[in-house]
Amino acid sequence: MKKITSLLAVSVLAGVITLGAYKLFFEKENFHIIAQETDSSVFTTSNTPVSYKGAGINEVDFTAAAEKTVNAVVHVKNVSINQEQNRVLKFFYGPSASVEPQIGTGSGVIISEDGYIVTNNHVIANATHLQITLNNNKTYVAELVGTDPNTDIALLKIDAKIKLPYLAFGDSNNAKVGEWVLAVGNPFNLTSTVTAGIISAKARNLDMGKNQSFIQTDAAVNPGNSGGALVNTNGNLIGINTAISSRTGSYIGYSFAVPSNIAKKVVDDIIEYGSVLDGILGITTPPINSEFAFQKGLNDIDGVYVDEVMEDSGAFDAGLQEGDIIKQMDEIKIHRFADLTGYLSTKRPGDTISVAYVREKEELSTPVVLKERQTINLPPPLGFTVKNLNEKDKKKFKTKKGVKIIGVPEVHSMYNLEGKVLIAVGKTEINNIYDAKNLFGSISKYEYTSITMVNEKGERERLIFQ
């Protein structure tokens with residue numbers, strides 16, 4: 001009996017082991033236990049596998065772009081004469097006693113193998129001598145080809161007698177918010193330095209009174225980096241580093257660059273025409289946060305509200321009207337005024353653009369031929385509004401050159417300048433409003449400057465100011 005009981009126990013144990021092994025190794029689970037709907041998560045989980053390099057910046061290779069860029073970025077040295085410091089010495093000992101050389105520095109970008117260099121206008125302003133140092137520490141004297149204070153772009157030229165490394169302009173319209181970029185400068189006259197960041201925003205207007213449209217980046221840019229290169233990870237030049245927004249004067253997270261499409265257009269105009277030609281749409285729009293804007297609800301509009309259409313402008317000829325809301329130009333979406341001015345800054349008189357707009361909730365589109373600017377506001381210290389002369393003006397004032405003063409700030413109203421023709425700044429003649437803009441933009445606040453005008457009698461008048 002004991003043997004039978006033992007055999008039965010062994011048989012049962014063997015069966016349990018066999019069944020357990022089958023369940024563990026051979027039988028597949030064909031059901032899942034799920035939670036009730038009320039307990040399920042409201043968040044979505046991504047099952048995308050992580051790169052073996054890790055996530056984010058580790059997957060981006062900056063080395064090729066940096067290697068391509070550093071040798072095309074140069075150090076710019078600006079030597080100017082500051083006559084502000086020693087007025088007392090100047091009074092007693094004459095002009096030579098007050099001459100003090102002032103040295104400013106910045107960066108620049110070589111854009112052609114024969115030595116054209118683009119930098120910021122503020123880097124070379126009022127220079128009497130310009131010196132360029134390449135990344136290999138070779139130094140050259142630079143010639144100033146031209147400037148555009150409105151966009152803060154200047155063009156220099158050196159004669160290196162060799163083919164130089166250079167950067168090609170990229171298409172800044174294709175730059176995306178969140179895209180990795182490198183800021184490359186040569187601030188200390190050592191070798192080029194590289195910092196990395198992303199594009200934080202596009203079409204930024206810094207309210208500098210110039211209707212600018214900047215690329216904003218969080219790549220570290222300090223004052224000596226002004227005029228340096230902003231490049232994408234392919235090493236294409238998509239901006240010229242220009243400004244920082246900081247209470248301390250040093251980088252705290254916000255840097256701004258002139259988009260490459262604007263810089264290229266300015267450079268091309270300077271080389272071909274000697275000045276920058278602006279393609280004018282011919283509209284005005286009320287400033288945001290003004291009482292009128294609040295009353296009309298314009299601060300909440302996605303687009304640009306047309307407040308006025310100028311006669312004999314491209315917008316006037318195309319039939320745009322007050323109250324229209326511009327939504328798009330060609331392929332560029334227009335969300336704010338800086339989008340509009342940024343795109344127009346890449347165009348010239350005679351260019352045709354397609355303008356999409358909304359009128360009384362109806363979506364419309366029309367081609368607009370941009371026209372040449374006929375009036376312009378001159379930069380401080382005078383701030384005149386001037387216009388090109390027509391044939392009637394030339395005959396009346398007995399001059400073939402100059403610009404007519406049609407607006408004078410109240411602070412200068414005592415001089416009775418409105419209506420006169422401005423023909424020269426210092427010894428340099430003025431042919432048109434672009435000459436006037438460039439000449440007034442290069443005036444130093446430390447020097448005395450004279451302007452020559454003609455009145456309706458054809459008599460010349462001279463005004464000296466500082």
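Here is a walk through a predicted model, from its nonpolar core out to a few loops and hairpins.

Let's start on the inside. The largest nonpolar core has 28 residues, and the ones that touch the most other members are Val109, Ile153 and Leu237. Several elements give two or more residues to this core: α2, β7, β8, β11 (229-232), β12 (237-244), β13 (255-259) and α5. The largest share, five residues, comes from α5.

That makes α5 a good next stop. This helix covers residues 260-273, so look for 14 residues there; by the 1.5 Å a residue rule you'd expect 20 Å, and the distance from its first C-alpha to its last is close to that, at 19 Å. Plenty of α5 is tucked away: Ser260, Asn261, Ile262, Ala263, Lys265, Val266, Val267, Asp269 and Ile270 are buried. Right after the helix comes Gly274, with a positive phi near 85 degrees.

Now for the aromatic rings. Searching the whole structure turns up three aromatic pairs. One of them is Phe62 with Trp180: the ring centres are 5.6 Å apart and the planes sit at 80 degrees, so this pair is edge-to-face. Phe62 is in the loop between α1 (2-25) and α2 (63-70), while Trp180 belongs to strand β8 (residues 180-185), so the pair ties together parts that are 118 residues apart in sequence. The two partners are placed a little differently with respect to the surface: Phe62 counts as buried, at 15% relative accessibility, whereas Trp180 is partly exposed, with a relative accessible area of 27%. Another ring worth finding is that of Tyr116, because the charged end of Lys157 sits over it, 5.4 Å from the ring centre, inside the 6 Å cut-off.

From here, move on to the loop between β7 (153-157) and β8, where you'll find Asp159. Asp159 is exposed, with a relative accessible area of 53%. Its side chain is joined to that of Lys161 by a polar contact of 3.1 Å. Asp159 and Tyr140 are 19 residues apart along the chain, yet their C-alpha atoms are separated by 7.6 Å. Lys161 lies in the loop between β7 and β8 as well, and Lys161 is exposed, with a relative accessible area of 72%.

Lys161 also has a backbone quirk. Most residues other than glycine have a negative phi. Lys161 isn't a glycine, but its phi is positive, near 60 degrees. Asn137 is another non-glycine residue with a positive phi, about 75 degrees. You can spot Asn137 in the loop between β4 (129-133) and β5 (139-141), where it counts as partly exposed at 46% relative accessibility.

One more loop before we get to the strands: Ser112 is found between β2 (100-110) and β3 (116-120). Although Ser112 is in a loop, it counts as buried, with 15% relative accessibility. The side chain of Ser112 makes a polar contact of 2.4 Å with the side chain of Asp114.

Next, have a look at β20 (residues 352-359) and β21 (residues 362-369), which pair in the antiparallel sense over eight bridges. If you'd like a landmark, Ala356 has Ser365 in β21 as its bridge partner. The hairpin these strands form has two residues between the strands, and Glu360 there takes a positive phi near 50 degrees.

We finish at β28 (residues 449-454). Six of its six residues are buried, so this strand is largely enclosed by the rest of the structure. In a regular strand, side chains alternate between the two faces of the sheet. You can follow that here: Thr449, Ile451 and Met453 point one way, Ser450, Thr452 and Val454 point the other way, and all are buried.

What are the strand's neighbours? β26 (residues 421-425) runs antiparallel to β28 and is joined to it by four bridges; one landmark is Val425, whose bridge partner in β28 is Ile451. Strand β29 (residues 460-465) is also antiparallel to β28, with six bridges between them, and Thr449 has Phe465 in β29 as its bridge partner. β28 and β29 form a hairpin with five residues between them, and in the turn Gly458 has a positive phi of about 80 degrees.

Technical notes
Residues numbered from 1 in each chain as written. Predicted model: local features only at pLDDT ≥ 70, side-chain atom pairs only at ≥ 80, totals over all residues. Heavy atoms only, no water. Buried < 20%, exposed > 50% of the residue type's maximum accessible area, 1.4 Å probe, protein only. Polar contact = N/O pair within 3.5 Å; in protein donor to acceptor, adjacent residues only side chain to side chain. Pairing = 2+ DSSP bridges. Phe/Tyr/Trp six-rings, centres within 6.5 Å; stacked < 30°, edge-to-face > 60°. Lys NZ or Arg CZ within 6 Å of the ring centre and 35° of its normal. Core = buried A, V, L, I, M, F, W, Y, C linked by side-chain atoms within 4.5 Å.
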